[in-house]
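Me: I'm new to this structure and would like a close look at one part of it. Could you take me through the largest pocket and what surrounds it?

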Amino acid sequence: MTMKQAIGLTRVSTSEQGKSGLGLAAQEAAIRSFAHADGFDIVEVVEEVASGKLGLADREGLRNALAKAKKLRCPVIVSKLDRLSRDVAFISGFMSKGVPFIVAELGSDVDPFVLHLFAALSEKERKMIGSRTKAALASKVGTGVLGNKTNLSEAQAKGQATNAAKAAAFAAKMLPELKRLKDQCMTLDKIAADLNSRFVPTFNGKEWHKSTVSRLLKAAQAT
């Protein structure tokens, strides 16, 4: 029987779990068991320590897995759907773009409707956990445990400054690559297409467009 190649992806949400291997070994075992039964050869298993609610920009492990899979023209296999993401839009976006991924728990021929259903259930679970956490934190406000509302403006200002710093750092990191592509006489549209083909996300974790590339290049010229 001819073996089909695939890339495995395992994910845990905290550095503690990542260091201990808690959950990673079980996920890999599930992936390899499925692969053996379905005739897949797992070329590599990429481990990731990141929250499932993060966008592609903050999912280095997922980006690496996708890049390797694209190079080999093979799917990415995860043990459960929530190991890929807990966000319906995120998973739907993958499906609409034809990004090949397989959920070992559901099988390789699962109906797209079932995938959407499981994604919706996973997202609902995440939101319920978040609501319970917020309620617990809210009950402690004013008790001295979490401080009070007087420093809200200061916290918001710090948050905005942090976002601005992150945006500047992202621009500084991307500009050399944008200039390199432009020096190859590539149009803005082609630059955007090239970045998207390599799963390089924008600062907001979205796809590149001609306007996105243009804004970054113009910002560099203005500085």
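Reply: Happy to: here is a walk through the largest pocket, followed by its surroundings. Please keep in mind that this is a predicted model.

Let's begin with the space itself. The largest pocket has a volume of about 530 Å³. Its lining is made of 23 residues, and Leu56, Phe94, Lys97, Phe199 and Glu207 are the ones closest to the centre. Sorted by class, that lining holds 13 nonpolar, six polar and four charged residues.

Which helices take part? Both α3, covering 60–72, and α5, covering 88–96, supply at least two residues each to the lining. The most comes from α5, which gives four residues.

That makes α5 a good place to pause. Its buried residues are Val88, Phe90, Ile91, Gly93 and Phe94. Some general background helps in reading such a list: an α-helix has 3.6 residues a turn, so residues three or four places apart point the same way. After α5 comes Gly98, which has a positive phi, near 75 degrees.

Phe94 is worth following further. Besides being among the residues closest to the centre of the largest pocket, Phe94 belongs to the largest nonpolar core, where it is one of the residues with the most contacts, along with Leu9, Leu62, Leu66, Leu84 and Phe101. This core has 21 residues. At least two residues each come from β1 (4–12), α3, β3 (76–78), α4 (81–84), α5 and β4 (101–103). Here α3 provides the largest share, with four residues. So both helices of the pocket lining that I named above, α3 and α5, also supply residues to the core.

Finally, α3 leads us to another pocket. The second largest pocket encloses about 410 Å³ of space. It has 16 lining residues, and those nearest its centre are Ala57, Asp58, Arg63, Phe170 and Lys173. Two or more residues of this lining come from each of α3 and α7, the latter spanning 152–183. By class, the lining of the second largest pocket has eight nonpolar, two polar and six charged residues.

To retrace the route: α5 gives the most to the lining of the largest pocket, Phe94 ties that helix to the core, and α3 contributes to the linings of the largest pocket and the second largest pocket.

Definitions and conventions. Residues are numbered from 1 along each chain as its sequence is written. This is a predicted model: local features need pLDDT of at least 70, side-chain atom pairs count only at pLDDT 80 or more; totals for chains, interfaces and linings use all residues. Side-chain values use heavy atoms; hydrogens and water are left out. On a 1 Å grid over the protein atoms alone, a cavity is a set of points where a 1.4 Å probe fits but cannot get out, and a pocket is an open set with protein on both sides within 12 Å along at least five of seven lines; lining residues have an atom within 4 Å of a point. Grid points are joined across faces, edges and corners, and a volume is the space filled by probe spheres set on the points. Ala, Val, Leu, Ile, Met, Phe, Trp, Tyr, Cys and Pro count as nonpolar, Asp, Glu, Lys and Arg as charged, and the others, Gly among them, as polar. Buried means under 20% relative accessible area, exposed over 50%, partly exposed in between (1.4 Å probe, protein chains only). A nonpolar core is a set of buried Ala, Val, Leu, Ile, Met, Phe, Trp, Tyr and Cys residues joined through side-chain atoms within 4.5 Å.
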